[in-house]
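Please go through the fold of this protein chain in questions and answers. Keep the answers short.

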Amino acid sequence: MAEVHPKVVVVVPTYNERENLPVLVGRLADLGMANLHVLVVDDNSPDGTGEVADKLAADSGGTVSVLHRTEKDGLGRAYVAGMSRALADGADIVVQMDADLSHPHTAVPAMVEKLTGTDASVVLGSRYVPGGSTASEWPWHRKALSAWANFYVNAILQLKVKDATAGFKAWEAEALRRVDLDSVRSNGYSFQVEMNHRVVRQGMRIAEVPIRFEERVEGMSKMSLDVQLESAVAPWKLRFGKQQAAPGRAGRRG
């Protein structure tokens, strides 16, 4: 009897990533993972990333698809749109991954294996577990800020993960359904924190695998002062805002 592989959809939001996107798609294809798909979510990039994505999709034989959005309204909104589309298209596992090549594609198989082989509902690609690291190009103050942000978030929300702000994650489809994507309001980097918080509130488990986080080579960082301020305030809003109920755990895959 033929082995059945879960449908894995890698959701990649893009805005002005025309140089990086073909490299990322090529690297993911080179992994040779069965039933691996890529969904590009482009926010009407003025540099033509959407057209590049369409060409990649046309040449992919059905493994690459594109969701075009008409405006740039934040990373969180792009991920919600992409994750919702992936679920509608029958994904068993959804991987969220940046287009700037900072997330190592080679970690995807290990993340999927951890997800399917343990009781974890979400697996983080983590910079702060043993074996993980940040980019060597980062100056000391950026490394200190990242470490402080994780300490800050965990001190407020007690998420009990080493890399609470990680943006590289593999999700069980059922976990995404249970966190109620349509009601997520955080954007920017605080989106990552809110999603983790919802997982913990629902009584699901988050696991971590080590990654080396790399600095982007092409294009510009999307970090702005507004994003930083939102990220600082978000944990307090989550802690003292209206909380989701935490029902019993749903049945897991066999």
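The turns below go from the model as a whole to single residues.

Q: How far does the predictor's confidence reach, and what share of the residues score at least 70?
A: This is a predicted model, in which local features need pLDDT of at least 70 and side-chain atom pairs count only at pLDDT 80 or more, while totals for chains, interfaces and linings use all residues. Residues are numbered from 1 along each chain as its sequence is written, and side-chain values use heavy atoms, with hydrogens and water left out. With pLDDT being the predictor's confidence in each residue, from 0 to 100, the chain averages 83, and the share that scores at least 70 is 78%.

Q: Which stretches have a pLDDT that stays under 50?
A: Where pLDDT is low, the predicted coordinates should not be read in detail. One such stretch has 33 contacts (heavy atoms within 4.5 Å) beyond four places in sequence, and is residues 243-254. The other has 10 such contacts and is residues 218-225.

Q: What is the strand order of the sheet?
A: The chain has 8 helices and 7 strands, taken as DSSP runs numbered from the N terminus (helices H or I, at least four residues; strands E, at least two). The sheet is open, with 7 strands and mixed pairing, where two strands pair if DSSP finds at least two bridges between them. Its order is β3-β2-β1-β4-β6-β5-β7.

Q: Why do β3 and β7 each have one side without a neighbour in the sheet?
A: The twist from one strand to the next averages 20°. Strands β3 (64-68) and β7 (206-210) stand at the edges, so each has a single partner strand.

Q: Which residue of β3 is the bridge partner of Val41?
A: Strands of a sheet pair through backbone hydrogen bonds, either parallel or antiparallel. Here β2 (residues 36-42) and β3 pair in the parallel sense over 5 bridges. The bridge partner of Val41 is Leu67.

Q: At about what angle does α7 run to β6?
A: Axes are lines fitted to C-alpha atoms, for helices over the stretch in contact, and angles run from 0 to 180 degrees between N-to-C directions. Helix α2 (residues 49-58) lies across β1 (8-14), β2 and β3, at about 150° to β3. Helix α7 (residues 190-201) lies across β4 (93-96), β5 (122-126), β6 (169-172) and β7, and its angle to β6 is about 35°.

Q: How far apart are the end C-alpha atoms of α3?
A: The expected span of a helix is 1.5 Å times one less than its number of residues. Helix α3 (residues 75-88) has 14 residues and should therefore span 20 Å, which agrees with its end C-alpha atoms, 20 Å apart.

Q: Is Gln192 buried or exposed?
A: Gln192 lies in helix α7. Leaving aside neighbours within four places in sequence, its contacts include Leu75, Tyr79, Gln96 and Lys169. Buried means under 20% relative accessible area, exposed over 50%, and partly exposed in between (1.4 Å probe, protein chains only). At 2% relative accessibility, Gln192 therefore counts as buried.

Q: Which residues does Val112 touch, not counting those up to four places away in sequence?
A: Val112 is found in helix α4 (residues 108-117) and is buried, with a relative accessible area of 9%. Its C-alpha is 9.6 Å from that of Lys169, 57 residues apart in sequence. The residues that Val112 touches are Val8, Met33 and Ile93.
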